[in-house]
Amino acid sequence: MEMTWRWYGEGNDSITLDHIRQIPGVSGIVWSLHDKVAGEVWEEERIKEVVNQITSKGFSPAVVESVNVHDDIKIGLPSRDKYIDIYIDTIKKLSRVGVKVICYNFMPIFDWTRTELYKELPDGSNALFYEKNVITDDPKAMVQRILDGAGDFTMPGWEPERMAKLDDLFKSYEGITEEKLSDNLKYFLERIIPVCEAYDVKMAIHPDDPPWSIFGLPRIIRSRDHIKKFLELVDSPYNGLTLCSGSLGPNLMNDMPAIIREFHDRIHFAHIRNVKVFENGDFIEVSHRGQEGNVDVYEVLKAYHDNDFKGYVRPDHGRHLWGEEKNCRPGYGLYDRALGIMYMLGIWDSLDKRKIGK
Ligand code: CS2
Ligand code: MN
């Protein structure tokens, strides 16, 4: 297992590479060109610039999260081929600088969705919260909430320019059923996976977050059965998963350790996050410690460990601690993710020792 950290880039993150170097056990940086919207060309010089920053501090740049997929590909418009060509060009360029895994998602319009970015927990920290009743049928109200809450940070998938065209976007998804979305995903994969095989870059789809449909939009990566169907769309190790325990976790029917044991050889990237699910279906992100929420993080790690998992891992979101919410990205503060790493490495190291009988 390779422990990694998601970093938003110089001048775009309150956390620096020098901070990250002080967290024990982190060998890689998960990065992206965060100013690129879906469908834009990634220039070689820009890629090299970030990769040099990362490698000069001794980190591996092997994981990119995300190269976002243009909505025309998800909708299946004729213009999709042009955007797939650009995607392929990015895969090739990333391969040349040592990238091994690309994390992406196939959610229509939105990336992860929450109703509150700074909900206070009983201990006085705060975290991302999802309140079912707030998701009505008015996506605009929710978008405004998220954009207001994020302050100066632009969150990936929530770019204000894209959100401004919400009506048009919703219109273009009319008639896109789960089946059609899945056909369009297959079309995309059938074009890119042969390139990934040739260039040794593994694709790792991120599950839908939350794992159910919102605003009537189709969502197709949200349970064990969906994952199985997805992997069969193109049966290649290069067509794999980012298994996010925090995204699948709010549906208590999703048995995370069982999913890991079944699909471990197609999981290239593990996002580990704990969530506490309330009786009414609302949920909040809590510390990584298993007892604090509904994701049994020990069992999750054990499922990876038992299968000799060699892929990349990162703490997904964390709570905001000790006042850091004033200047960190929502969900991406320093302290709770660093604590989460120490918890996860503690479990991992003790599993290692037990395995070799020490
Ligand atoms: C991430 C996702 O912050 C998060 O929840 O796990 O935004 C993830 O980066 C994207 O869905 C992948 O494209
Ligand atoms: Mn995730």
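Gly357 follows helix 13 and has a positive phi, near 70 degrees. The model is predicted.

**Helix 13**

Helix 13 covers residues 335-355. How far apart should its ends be at 1.5 Å a residue? The 21 residues should span 30 Å, and the end C-alpha atoms are indeed 30 Å apart, so expectation and model agree.

The buried residues of helix 13 are Asp336, Arg337, Ala338, Gly340, Ile341, Tyr343 and Met344. Charged side chains are on that list, namely Asp336 and Arg337. What covers these buried residues includes four strands and a helix: strand 1 (2-6), strand 2 (26-31), strand 9 (267-272), strand 12 and helix 12 (297-306).

**Strand 9 and its partners**

Strand 9 is among the elements that cover helix 13. Is strand 9 itself mostly covered or mostly open? It is mostly covered, with six of its six residues buried.

Strand 9 runs parallel to strand 8 (residues 239-244), and four bridges join the two. Strand 9 also runs parallel to strand 12, again over four bridges. Residue pairs mark both junctions. Leu243 stands opposite Ala270 in strand 9. Phe269 stands opposite Tyr312 in strand 12.

Strands of a sheet pair through backbone hydrogen bonds, in either the parallel or the antiparallel sense. The next sheet uses the antiparallel one.

**The four-stranded sheet**

This sheet is open, and its four strands come in the order 5-6-11-10. Strand 5 (116-120) and strand 10 (274-277) stand at the edges. Each has a single partner strand, so one side of each is left without a neighbour in the sheet. From one strand to the next, the twist averages 40 degrees.

At one edge, strand 10 pairs with strand 11 (residues 283-286) over four bridges, in the antiparallel sense. Val275 stands opposite Glu285 in strand 11.

**Around ligand 1**

Which residues come nearest to ligand 1? Of the 15 around it, they are Ser66, Asn105, Asp111, Trp112 and His206. Strand 4 (residues 101-105) gives the largest share of the shell, three residues. By class, the shell has five nonpolar, six polar and four charged residues.

**Two loop residues**

Asn327 lies in the loop between strand 12 (312-315) and helix 13. Ser236 lies in the loop between helix 9 (224-233) and strand 8. Buried status takes 20 or more other C-beta atoms within 10 Å, and exposed status 12 or fewer. Asn327 has 13, so it counts as partly exposed. Ser236 has 16, so it is partly exposed as well.

The table gives C-alpha separations for each loop residue.

| Pair | Separation in sequence | C-alpha distance |
|---|---|---|
| Asn327 and Gly151 | 176 residues | 9.4 Å |
| Ser236 and Glu2 | 234 residues | 22 Å |

What does Ser236 touch, leaving aside its neighbours within four places in sequence? Ser236 is in contact with Ile193 and Glu197.

Methods: Residues numbered from 1 in each chain as written. Chains lettered and ligands numbered in written order. Predicted model: local features only at pLDDT ≥ 70, side-chain atom pairs only at ≥ 80, totals over all residues. Pairing = 2+ DSSP bridges. Axes fitted to C-alpha atoms, helices over the stretch in contact; angles between N-to-C directions. Near = placed C-beta within 6 Å. Expected span 1.5 Å × (residues − 1). Contact = placed C-beta atoms within 7 Å.
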